[in-house]
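Thanks, everyone; I would like to take a few minutes on helix packing and aromatic pairs. Please have the display open while I talk.

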Amino acid sequence: MKKIILLITLLIASSSLFLSYGQNANAEELIDEGVGLHDEGKFKEAIEKYKEALAVDPASVQATYELSLSYLALQDYQNASKYSTEVINSGNKQLSSGAYAVKSEALAGMDRIDEAIALLQEGLIKNGDEYLLHFNLALNYYKKGDNNKTLGHIKRAIDLDKSHSGAFLLNAYALNDNGLWVQSILSFQMFLLLEPDSKRSKTAFEEMLNIMQIKIAEEPVQRSFIQQQMMRNKPDTIPHRDKIPPLSIEDGLNRNLVYHAITTTLDSLNNAPGEKDEFTLFKTVNKEIMNVLTRESKGAKEGVFWTFYIPFFSHIAESGYYDTFCRYISVSYFPESMEWWQQNPGDAVDFVIWFEKGDEN
């Protein structure tokens, strides 16, 4: 009799286990469907899938987190905040940083920037150094117009993870706004290497041409960044025809040498016979900038500008891939660059392989 009771008990336990497994599997399948819909921009449909998943498994933190993301994409900041708060309170370590980032964006969307900053600082205390938290802090300080704190947090974000294009773009904008225009040029190019063909790539390339004196605009370039315009009352940060950028020595860099290289190269090109297109101007001026920076980097230099950016781009400038590199980062801006890529797919593939794997291949 005892054996029969034990067998029945085991069968009941096994049945509950299989039921639980089945529920989890069904919930995960619904979540996957929701993620697919979200990625297609069908945010309302994605939300319905996540709610179905929660009906099957009310304890699914993943479904709750995905729900917060889709509400954020719809700019439904109240619900994005509500569900991201649930994820934060769940204690889920894997999703905690993401949930702090979602809630901070929701608060910022409701013009509660200071609360968003305080929340992200709490997230850093709770989760330690995380790329996403530093990036969102930099973004919120940028919205407040505090460029020094923006640069501090975006530098830390890049130190933690150099694979995200948005960090280099925000870094480029903040550097230029702070008058660090040479550093900004290299950060723009890093962004364009990681994200060459988006709408914000085109506006970023145009602002870079302005900094390089190649294209002089009467009005500041409209900045497209992270699903919103980051104009902050149209900051006057691009060179005008009667304005010379800061030329003093900053962080060991004599900016006057770079400016002189730009202006003399442009004068030489413009005075030479024949018409020079903007791409040729960019490619030639950029090479001269890198020549100056390579010479200036000799000796004991400290800081990421000297130890990472300049060696990285000097290596490209001195390689056999420099022309291809210039085509690659300008595909969103110059139609002829896009045509070149379409007509030279082999060269394009070779450059990407070299960029990703280095000279050893």
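Let me begin with a term: a residue is called buried when its relative accessible area is under 20%, exposed when that is over 50%, and partly exposed in between, with a 1.4 Å probe and protein chains only. This is a predicted model, in which local features need pLDDT of at least 70 and side-chain atom pairs count only at pLDDT 80 or more, while totals for chains, interfaces and linings use all residues. Residues are numbered from 1 along each chain as its sequence is written, and side-chain values use heavy atoms, without hydrogens or water.

By that measure, Phe-205 and Phe-334 are both buried. Their ring centres lie 5.5 Å apart with the planes at 80°, so the pair is edge-to-face; rings of Phe, Tyr and Trp (its six-membered ring) pair if their centres lie within 6.5 Å, with planes under 30 degrees apart called stacked, over 60 edge-to-face and the rest tilted. The two residues are 129 apart in the chain, Phe-205 in helix H11 (residues 199-211) and Phe-334 in the loop between H15 (322-329) and H16 (335-343), where helices are DSSP runs (H or I) of at least four residues, numbered from the N terminus.

In total the structure holds 21 aromatic pairs, and one aromatic cluster is formed by Phe-168, Phe-308, Tyr-309, Phe-312, Phe-313, Tyr-322 and Phe-325.

Turning to contacts, meaning heavy atoms within 4.5 Å, Val-182, Gln-183, Leu-186, Ser-187, Gln-189, Met-190 and Leu-193 of H10 meet Phe-305, Phe-308, Tyr-309, Ile-310, Phe-312, Phe-313 and Ile-316 of H14.
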